[in-house]
Amino acid sequence: MDLAVLSGEALPHALRALFGVMASNGVVTEAERRFLEVIGELHGSRVDVSTLAPIAGAEVARVIEDPHQRKRVVQLALIAAMVEG
């Protein structure tokens, strides 16, 4: 399975989308922060979670046009929603 499919331009937008999923309940836990860091590491990037802010879905769709990358963001969002059960 190819885990690192997001381009350099897509990665920050994808991370912000995942952050938005995690922050939707008002708190981002340490496990959720670590999940975001690992996604960054898999893509060869360091992530400072404290700098992330939620992003509108339309903005993510504008930047991430490749169908495979879009699918991966949705898959990661599903996992992000389940990190803390």
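## Exercises on a predicted four-helix model

The largest nonpolar core holds 24 residues, and those with the most contacts inside it are Leu6, Leu15, Leu18, Phe35, Leu36, Leu52 and Ile64. The model is predicted.

**Exercise 1.** Find which elements give two or more residues to this core, and which of them gives the most.

*Solution.*
- Step 1. List the contributors: helix H1 (10-23), helix H2 (30-42), helix H3 (57-63) and helix H4 (67-82) each supply two or more residues.
- Step 2. Rank them: H1 gives the most to the core, with 7 residues.

**Exercise 2.** Determine which residues Leu36 touches, leaving out those up to four places away in sequence.

*Solution.*
- Step 1. Start from the core, where Leu36 is among the residues with the most contacts.
- Step 2. Set aside residues up to four places away; the partners of Leu36 are then Leu15, Leu18, Phe19, Met22, Val47, Val49 and Leu52.
- Step 3. Compare with the core list: Leu15, Leu18 and Leu52 are also among its residues with the most contacts.

**Exercise 3.** Locate the nonpolar surface patch that includes Val74, and classify Ile79 and Met82 as buried, partly exposed or exposed.

*Solution.*
- Step 1. Identify the members: Val74, Leu78, Ile79 and Met82 make up the patch, and together they have about 400 Å² of accessible area.
- Step 2. Place two of them: Ile79 lies in helix H4, and Met82 is in helix H4 as well.
- Step 3. Apply the cut-off: exposed means over 50% relative accessible area, and buried means under 20%.
- Step 4. Met82 has 56% relative accessibility, so Met82 counts as exposed. Ile79 has a relative accessible area of 40% and is therefore partly exposed.
- Step 5. Relate Ile79 to the rest of the chain: its C-alpha atom is 9.9 Å from that of Val21, a residue 58 places away along the chain.

**Exercise 4.** Describe the chain as a whole and decide whether its radius of gyration agrees with that of a compact globule.

*Solution.*
- Step 1. Count the elements: there are 4 helices and 0 strands, in the order α-α-α-α along the sequence.
- Step 2. Take the extent: the C-alpha trace spans about 30 × 25 × 25 Å along its principal axes.
- Step 3. A compact globule of 85 residues would have a radius of gyration near 12 Å; the chain has 12 Å, so the two agree.
- Step 4. Look at burial and surface: 35% of the 85 residues count as buried. The chain exposes about 5,000 Å², with carbon and sulfur atoms supplying 56% of that area.
- Step 5. Check the contacts: among those between residues at least 6 apart in sequence, 75% join residues at least 24 apart.

How values were computed. Residues numbered from 1 in each chain as written. Predicted model: local features only at pLDDT ≥ 70, side-chain atom pairs only at ≥ 80, totals over all residues. Heavy atoms only, no water. Core = buried A, V, L, I, M, F, W, Y, C linked by side-chain atoms within 4.5 Å. Buried < 20%, exposed > 50% of the residue type's maximum accessible area, 1.4 Å probe, protein only. Contact = heavy atoms within 4.5 Å. Patch = residues over 30% accessible without salt bridge, like charges linked within 9 Å, V, L, I, M, F, W, Y side chains within 5 Å. Areas by Shrake-Rupley, 256 points an atom, 1.4 Å probe, with all protein chains shown as cover. Salt bridge = Lys/Arg side-chain N within 4 Å of Asp/Glu carboxyl O. Rg over C-alpha atoms; globule rule 2.2 N^0.38 Å.
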